[in-house]
Amino acid sequence: MTDSQQIASIRSLTLTQIEDIRADPKPTYWVDGQRVHWQEYVESLQRTVDWCDQKLVDGDPYEVRSQGAS
């Protein structure tokens with residue numbers, strides 16, 4: 001699995017978590033032994049998605065068009 005594939009997979013799984021939480025919101029979640037309000041947890045998941053998006057954009061090849069004249 002390439003880095004891009006792994007990042008895309010993380011993004012997809014994170015979006016699924018966000019969808020599940022929003023479908024049945026709870027007042028709080030326990031994450032790594034810490035109590036977190038569900039909205040704060042969703043925001044942290046969204047930051048993960050944003051990070052993945054940026055990494056995927058950074059990894060995309062790009063094209064520079066130039067034109068010379070004489």
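**View 1. The chain runs α-β-β-α from one end of the sequence to the other.** This is a predicted model, and its secondary structure adds up to 2 helices and 2 strands. Among contacts between residues at least 6 apart in sequence, 55% link residues at least 24 apart.

**View 2. Here are the two strands, β1 and β2, paired in the antiparallel sense.** Residues 28–31 make up β1 and residues 34–37 make up β2, with 4 bridges holding the pairing together on paper. Look for Thr28: its bridge partner is His37, over in β2. As a general reminder for reading side chains here, those of a regular strand alternate between the two faces of the sheet.

**View 3. Zoom in on the turn of the β1–β2 hairpin.** Just 2 residues sit between the strands. Asp32 is in this turn, and its phi is positive, at about 50 degrees.

**View 4. Step back for the overall dimensions of the chain: the C-alpha trace spans about 70 × 25 × 20 Å along its principal axes.** The radius of gyration is 18 Å, whereas a compact globule of 70 residues would come in near 11 Å.

**View 5. Now for the surface, about 5900 Å² of it accessible.** Carbon and sulfur atoms account for 48% of that area. As for burial, 16% of the 70 residues count as buried. The chain carries 7 positive and 12 negative charges, and the mean positions of the two sets lie 3 Å apart.

Note on methods
Residues numbered from 1 in each chain as written. Predicted model: local features only at pLDDT ≥ 70, side-chain atom pairs only at ≥ 80, totals over all residues. Heavy atoms only, no water. Rg over C-alpha atoms; globule rule 2.2 N^0.38 Å. Buried < 20%, exposed > 50% of the residue type's maximum accessible area, 1.4 Å probe, protein only. Contact = heavy atoms within 4.5 Å. Areas by Shrake-Rupley, 256 points an atom, 1.4 Å probe, with all protein chains shown as cover. Lys, Arg positive; Asp, Glu negative; His and termini not counted. Charge placed at Lys NZ, Arg CZ, Asp CG, Glu CD. Pairing = 2+ DSSP bridges.
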